[in-house]
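Reader: I would like a close look at one part of this model, namely how its side chains pair and pack. Please go from the interior outwards and give the cut-off for each term.

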Amino acid sequence: MSYAVENARFQWEEGERRLLQMPEPARSQLDTAVWVVLDELRRRLGSAFTVEELASFYAQDVDWASDIAQREAAGTDSSWVVDAAFNRYAREATNYAGGRTREAPGRATAPVDN
């Protein structure tokens with residue numbers, strides 16, 4: 001897994017973790033904002049994508065997602081909302097394997113010399 005993907009995944013998981021630590025009713029309100037951003041992610045990226053493509057999309061520009069989160073009353077927590085949305089969407093990637101990225105079919109890994 002590339003550094004860019006690892007870094008993005010770390011940020012996404014951190015956003016999800018922070019949201020889960022929020023007290024109610026703030027957590028429910030932020031979770032609603034996550035789902036709104038997630039719906040827009042689906043619209044923009046589609047249903048067939050890899051974790052690498054999602055990380056690249058994340059690196060390009062997420063201002064649009066922050067704007068949506070802020071409109072949904074996320075306020076200063078909008079970056080956490082965006083990261084949590086990307087974290088949840090990553091689970092739908094074609095190469096997502098329970099928390100880690102799996103190799104695309106047909107790609108051989110180089111043997112390790114001992």
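Author: What follows takes the nonpolar core, then the rings, then the charged side chains and one peptide bond.

This is a predicted model, so local features need pLDDT of at least 70 and side-chain atom pairs count only at pLDDT 80 or more, while totals for chains, interfaces and linings use all residues. Residues are numbered from 1 along each chain as its sequence is written, and side-chain values use heavy atoms, with hydrogens and water left out.

Start with the interior. A nonpolar core is a set of buried Ala, Val, Leu, Ile, Met, Phe, Trp, Tyr and Cys residues joined through side-chain atoms within 4.5 Å. Buried means under 20% relative accessible area, exposed over 50%, and partly exposed in between, with a 1.4 Å probe and protein chains only. The largest such core has 30 residues, and W12, V37, L41, L54, V81 and F86 have the most contacts inside it. Two or more residues come from each of α1, α2, α3, α4 and α5, and α5 gives the most, with seven residues. Helices (H or I, at least four residues) and strands (E, at least two) are DSSP runs, numbered from the N terminus.

F86 shows how this packing looks from one side chain. Leaving out residues up to four places away in sequence, F86 touches W12, L41, L54, F57, Y58 and V62; contact means heavy atoms within 4.5 Å.

Two of those neighbours lead to the rings. A pair of aromatic rings is described by the distance of the centres and the angle of the planes. Here, rings of Phe, Tyr and Trp (its six-membered ring) pair if their centres lie within 6.5 Å; planes under 30 degrees apart count as stacked, over 60 as edge-to-face and the rest as tilted. The structure holds five aromatic pairs. In one of them, the ring centres of W12 and Y58 are 5.5 Å apart and the planes stand at 85 degrees, so the pair is edge-to-face. W12 belongs to helix α1 and Y58 to helix α3 (residues 51-60), so this pair ties together parts that are 46 residues apart in sequence. W12 and Y58 are both buried. Y58 also pairs with F86: their centres are 4.9 Å apart and their planes at 70 degrees, so that pair is edge-to-face. With Y58 in helix α3 and F86 in helix α5, the pair ties together parts that are 28 residues apart in sequence. F86 is buried, as is Y58. Ring pairs thus link W12, Y58 and F86 into a cluster.

Another ring has a charge for a partner. The charged end of R44 sits over the ring of W64, 4.1 Å from its centre; the term needs NZ of Lys or CZ of Arg within 6 Å of the ring centre and within 35 degrees of the ring normal.

Now the charged pairs. A salt bridge is a side-chain nitrogen of Lys or Arg within 4 Å of a carboxyl oxygen of Asp or Glu, and the structure holds ten. R42 and E92 form one of them, with the closest N and O atoms 2.5 Å apart. R42 lies in helix α2 (residues 26-45) and E92 in the loop between α5 (78-90) and β1 (96-97), so the pair ties together parts that are 50 residues apart in sequence. R42 is partly exposed at 32%, and E92 is partly exposed at 36%.

Within helix α1 (residues 3-21), R17 and E14 are three residues apart, about one turn of the helix, and their side chains meet in a salt bridge at 2.3 Å, N to O. R17 is partly exposed at 35% relative accessibility.

E16 is also in helix α1, but E16 is buried, with a relative accessible area of 9%. Beyond four places in sequence, E16 touches A84, N87, R88 and R91.

D77 sits in the loop between α4 (63-71) and α5. D77 is buried yet has no salt bridge, and the nearest side chain of opposite charge, R18, is 7.3 Å away. For this purpose Lys and Arg count as positive and Asp and Glu as negative, with His and the chain ends not counted. Apart from neighbours within four places in sequence, D77 is in contact with M22 and L30.

Last comes the loop between α1 and α2, where P25 lies. A cis peptide bond joins E24 and P25, with omega about 5 degrees. Most peptide bonds are trans. E24 also forms a salt bridge with R27, the closest N and O atoms being 3.2 Å apart. E24 is partly exposed at 44% and R27 at 29%.
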